[in-house]
Structures are given as structure tokens and as C-alpha cells.
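Please open the model in the viewer and keep the sequence panel at hand. The tour below proceeds by selection, from charged pairs to a sheet.

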Amino acid sequence: MASPRLFSTCHQPPFLPPSPQRFVKSPAKRRPIRSALQFNRKPQLAGETPRIVVITSGKGGVGKTTTTANVGLSLARYGFSVVAIDADIGLRNLDLLLGLENRVNYTVVEVLNGDCRLDQALVRDKRWSNFELLCISKPRSKLPIGFGGKALEWLVEALKSRPEGSPDFIIIDCPAGIDAGFITAITPANEAVLVTTPDITALRDADRVIGLLECDGIRDIKMVVNRVRTDMIRGEDMMSVLDVQEMLGLSLLGVIPEDSEVIRSTNRGFPLVLNKPPTLAGLAFEQAAWRLVEQDSMKAVVVEEEPKKRGFFSFFGG
Amino acid sequence: MASIDSLRFHSLCNLQSSIGRSKLQIPSSLVVFRRRHKNLNWVQVQTNQRFVCKSIGDESSTPDEETQNDDNEEDDAVSTQSNTATDSETSISRFRSMITTIANDSENSISRLGSMVATLPPVVFLMNKCSGNSVWIGISIVATVLLASIRAYAIRKSRDNRPAGSVSDLVRRGQLRSGDRRGISKAMNYEDPFNNPFVKVGKGSSTVEMCGKVYKLAPVTLTEKEQSIHQKRRSRAYQWKRPTVFLKEGDSIPPDVDPDTVRWIPANHPFATTVSDIDQDLAQNNVYQKQGVPFRIRAEHEAMQKKLEALQNEEKLNNLGIDSQNARDFQRPYKFSSKLEEDENVQKNSQENHTGDSSSEETQKS
């Protein structure tokens, strides 16, 4: 465990060795990150960079895009360079959650057609200069047949060899289903995060998706259980997280409780992890991002809510 | 003396009644003052001495026993009326002793009562001691409760009246910090997401408090053996090959392609295009391009340039001027009458004038 020390808000933390792949030319100067929350400690990056993570679920509406946005921004806040790819070709949503919908001018389709370069299609977040968004296509656009998976592979290779340096994380937001879009999204990935909710329909679809991922050679799969309600678990109206884990047999990356702030953050284009004070779901996303960096998993899970013991003076509004 | 004695006894009776009238239930008929004629036979005052003793000291006596005692005492009173005067002195002495014992008993009863009061709860005792401050204590307690209720009501009221969707609402929820807008915000320093003021793990790691809510924790029980069992189950249930060939519905499968690797795309799917305008190599080069103008824009630019050059060349050709002397060489020779010769002369003269003008113009221009 690293000794507690303040790390600077610049893109390069002082105790990480410089990347040997950088060009002689001085890299483009980046503005320092202005953060509402600063951590005195940084997670230890495990595995080879860039780590290509696909966030998938099978069933739609379980929180893939929300997880991608919040985990991606958490990673950027920890000081890692992140590229988030919205691989949903027909229905693009990641830019809305991040509040970058007005800044997406070029997509991967334009890059493939030669209308722009790859760096022109990357949208850099002004709040976090080390977080970039890349959308596959605009609505009503079409990709040539057979280009999907290959295109993503080319993109990853191009990102690895770009002048600014290879990103630490490439996070791919997978579309729902197990169609061609899913196959395209998982092509370049070497690890996966499966998002599910504790209901039987999502679990069945999740099990199928895990099977397909394992057939495709992705073995490092971790699970995020979203929209957990401890009151329903206590009333035995909802499966507990341990039950979900027993059914799917995956290690846990995070447990996200049901939080109405998710809807507000979605509508405002302000990700949850940037709230101050942090919300319950925001803290859970930050913890999940930490575990993702360290390739760790949860050792204990939240079961139910306990009534808080209140002191004598709580009666007076304490 | 009789009057004094009567007065004393009367005072004693009053004392008895004040100590415990309800319990004692001394009927007035038991206390009889009988005056004998001239004999000064004192009335054999038969008080229910035993009853009095029982009322003060003995609490175990029952009312039935007390009535029996009363009856017994009445019989004794009747029997003593027939005593002679010689017994009066003994009765007087006896009476005096009885009075002294009653007095002693009353003093004992008073002291016992005082001890009973002293054993009461200290709060009541304190209140008796500080009776003046209890009012203020009660007032302060009531005021505190009132303040707490007013505060809770005011908070609820302000929450309901707060406008939704305003900038102040965003600031209140923490999604927009007023300090950020003014550039004077301070960052919150956390150790890490697991160790900060919003996440507190309870003693023994059995509970965790997150954002003010306490949750019970349970350890994860999934083992590696169970994970491998699940993996084997899924490998048996789902057998899938990655599709490498994407074909539109209706297309024929190429001969050297495995049918399991073919993926059929519906016509209305975003992956289905009518014409593939670009080849893979070119697309890959476009993706890998890091500097310069993108391919299509460069191609369009070059095409525009070529078109412009072609247009310019065409204009140059159009701008070439026709020379009159040269034009004459192209004329056909005339083979007609003198009229035509005169016309030729006129034309010559006019040409000479024209050339003379043109030469003068050229000299002027140069």
C-alpha cells in the first residue's frame, strides 16, 4: 500500500515513471485538473496498459452507460488517462450523461471515411482534461458491413500509438443485446464488467452474455450489481447481492444502491461522482473504480440497512 | 382535675385521630366519660388502647380483629363499672400510666412517620427542599421542546417552499458549487473512497455507515471452486463462434466460408449498407493518420484544384484575340466586275486607316 501522500492534480503523477513511448517533441500542455474531491492516495495500477474494458449487460436499462460514465470519470479523477468509447451505433447516450452532446462533431464513421482524423473525433472533457469521449456514429448513420470489429481494433491500435501517449484505460460502452453491436464492442476487449440488477430477467440475460464472453476468450469478468434496495432485500422481495453472486458465479466489483440522484444527474448531464457532497451511489462508483484499477474484488457486501442509533440530543435536531 | 384529665384525654384522642383516623376507625362510643354521682368515680375510660397500639405499630392487624378487640373492650368496661371506690386509686394510677404510654407511643409514631417520609425518592425530596426552582426547570424543559418542534417545522416548510430547478437548488444538492463559479472553492481531501468522513466502517467490520445510513455487512462466500463450476456449466450451455463474415439477408454464402461464422444482417440494421464506398485498407489508413489533412478532404481539395485549373485553361483559350491582317488571308479571292474593284479600294483605304489608328494606339499604349 502506498504511503499516504498528496499527489498533484497534474496529468502525470510524480511517482509514476515516464512512459518510454513518448516522442521527442514536447507533448501538448494540459491544463491542471480542477477537482472538487482530492484523494491523498492513488490506487495501484495493475495489469498491462492500456487496459481495455468493455461494460456490458445483455439486458437493456440496467445501468451500463451510467456505469461507464461514472467509473470513467472516477478513473480520470484518480489521475489516469481514459478514453471512453460509445459503441452503441444506433442509439448514442454516453455523450448525454457526460454533458458533451453539443461538442460531438465527428465520430468514428467520419474517421473511417476520411472526413477527419482520430484526434479530431476525440472530445476532451473540459472538467477533466485526461478524459476523452469517442462516439462510433451519429444517429441515422450506417457503418459498412464487416467493419465493426475491425474498426474498433484499428482504433485501439491508433490510440496506443498516438503522440500524447497510450491511454491507461479504454472503456467501451457496449450496446444492449447480443447482436452485431455487442460482437463489435467486445472485439478489442481483454476484460469485461458485467452490469446487472437483482431481478431474474437481468440475471438470465447476464448469464448468457457471460457465456458468450467466455467463448470469445474474455476470462477476466467482474460484476456490478446495480439498483440494489436494501429495504426490499430485508422484506425478501428482492434477491440479495450474495444470491446474485451465487447464481452467476462472478466476483463482485461493486454494489450500487438505488439512488434518485442518478436520474437527476442523467438529466443534467452532470455525472454522479462529481457531486459534492458525494451521494451514496457516487461513493459506490468510486469504490468500484478503485477496485477496477487494482484488479480487486469486494470481500464483504451490504446486506440490509440498520436503524441508526441516535443519541439523546438527536431529538433537538442534531 | 377531672376537667384537666378530660382535656388531656381529649387532646390525646385528637392526636390519635390525626395520626390515622381512617385506619383506626375509633368509634366515639368507645370513649365514654362516665361521671358518677359524688363518688368522683372516674369514668373508667376504656380506650381502645390495643387498637391504638395496633394502628401505630402493628400493621398486620385486620379489621375483624380490631372489631373483636372493640367488643372485648366493651365487656371490660361494663365489668369495671361495678368496682368500689377502693379501686379508684388504682384505676387513676393505671389511667395515668396509660396516658404516659399513649404519649410515648405518639412520639414514636411521629418519629416513624418522619423516617417514612425520609425514605421517599430523592427527587420528591429535592423538590420539597428546592420547591422554588422546580418551576424554572419545568419552564426551561418546555421551552426546549417548543424550540425543537419549531425548528423541525421551519426546516420542513423551507424544504417544501424551495424552488426546483434553480441554480440555488443545484448548489444545495452539491451539483454546482458556488465557490467553483467564483473560483474560491476548496477541494475536499480524502484518503481514499473507503476511508473518508462519508464512509465509516463499524467495529468488527460488521457494519458500515455511508452518507449517514448504517448498513449491515456480510462476507462474500464465493470460492474459486464454485467459480470454475459456473464456467464449466456455461461452456456446456453456450457454444458460440465469433462471426467473421457479415452478409445482408438474401446474399449467398461464399464457398470458402464456414456457415457458423456468417452473421446475417437485416436490411434495416445500421450495419447494412447498400454500397461500400470505401475499402478496408483505406479505412485503416484513415484511422492511423495522425497529421495532415484527412484523406477525403484532401481528395476533395485536390479535385477542386484540378477543376479550377481546367477552368482557367479554358478561359485562356477563350480570351485569345482575332487579328484583322491575318483574317484577310483567310478571305476568298473575288472574281467579279469593276464594281467589286472599287469596293476593294474602299476596303483598302479603310484598312489602312484602321491600321494607322491601331498602330497609333499601340504606340500610345507602349
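A residue counts as buried when its relative accessible area is under 20%, as exposed when it is over 50%, and as partly exposed in between. The model under inspection is predicted.

**First stop: a pair between loops.** Select A:Asp216, which has a relative accessibility of 23% and is therefore partly exposed. Add B:Arg242; at 24% relative accessible area, this residue is partly exposed as well. Their side chains form a salt bridge, with a distance of 2.9 Å from N to O. The contact runs between chains: B:Arg242 lies in the loop between α9 and β5 (245-248) of chain B, and A:Asp216 in the loop between α7 and β8 (221-228) of chain A.

**Second stop: a pair between helices.** Next select B:Arg234 and A:Asp207, whose side chains meet in a salt bridge at 3.3 Å, N to O. This pair also crosses between chains, joining helix α9 (residues 224-237) of chain B, which holds B:Arg234, to helix α7 (residues 200-215) of chain A, which holds A:Asp207. Both B:Arg234 and A:Asp207 are buried. Extend the selection to A:Glu214 and B:Arg233: together with A:Asp207 and B:Arg234, they make up a network of salt bridges.

**Third stop: a pair within chain A.** Select A:Asp220 and A:Lys222, which are joined by a salt bridge of 3.2 Å, N to O. Which of the two, A:Lys222 or A:Asp220, is buried? A:Lys222 is buried, because its relative accessible area of 12% is under 20%. A:Asp220, at 25%, is partly exposed. Over all chains, the model contains 18 salt bridges.

**Fourth stop: a sheet built from both chains.** Now display the open sheet of 4 strands, ordered β10(A)-β4(B)-β3(B)-β2(B), with antiparallel pairing. At its edges are β10 (300-306) of chain A and β2 (199-201) of chain B, each of which pairs on one side only. On average, neighbouring strands of the sheet are turned by 30° against each other, direction ignored.

Zoom in on β2(B) and its antiparallel partner β3 (residues 207-210) of chain B, which are connected over 3 bridges. Within this pairing, B:Lys200 stands opposite B:Glu209 of β3(B).

**Last stop: the helix on the sheet.** Finally, select helix α11 (residues 280-294) of chain A, which packs on this sheet and touches β2, β3 and β4 (213-219) of chain B. The direction of helix α11 of chain A makes about 115° with that of β3(B).

Methods. Residues are numbered from 1 along each chain as its sequence is written. Chains are lettered from A and ligands numbered from 1 in the order in which they are written. This is a predicted model: local features need pLDDT of at least 70, side-chain atom pairs count only at pLDDT 80 or more; totals for chains, interfaces and linings use all residues. Side-chain values use heavy atoms; hydrogens and water are left out. Two strands pair if DSSP finds at least two bridges between them. Helices (H or I, at least four residues) and strands (E, at least two) are DSSP runs, numbered from the N terminus. Axes are lines fitted to C-alpha atoms, for helices over the stretch in contact, and angles run from 0 to 180 degrees between N-to-C directions. Contact means heavy atoms within 4.5 Å. A salt bridge is a side-chain nitrogen of Lys or Arg within 4 Å of a carboxyl oxygen of Asp or Glu. Buried means under 20% relative accessible area, exposed over 50%, partly exposed in between (1.4 Å probe, protein chains only).
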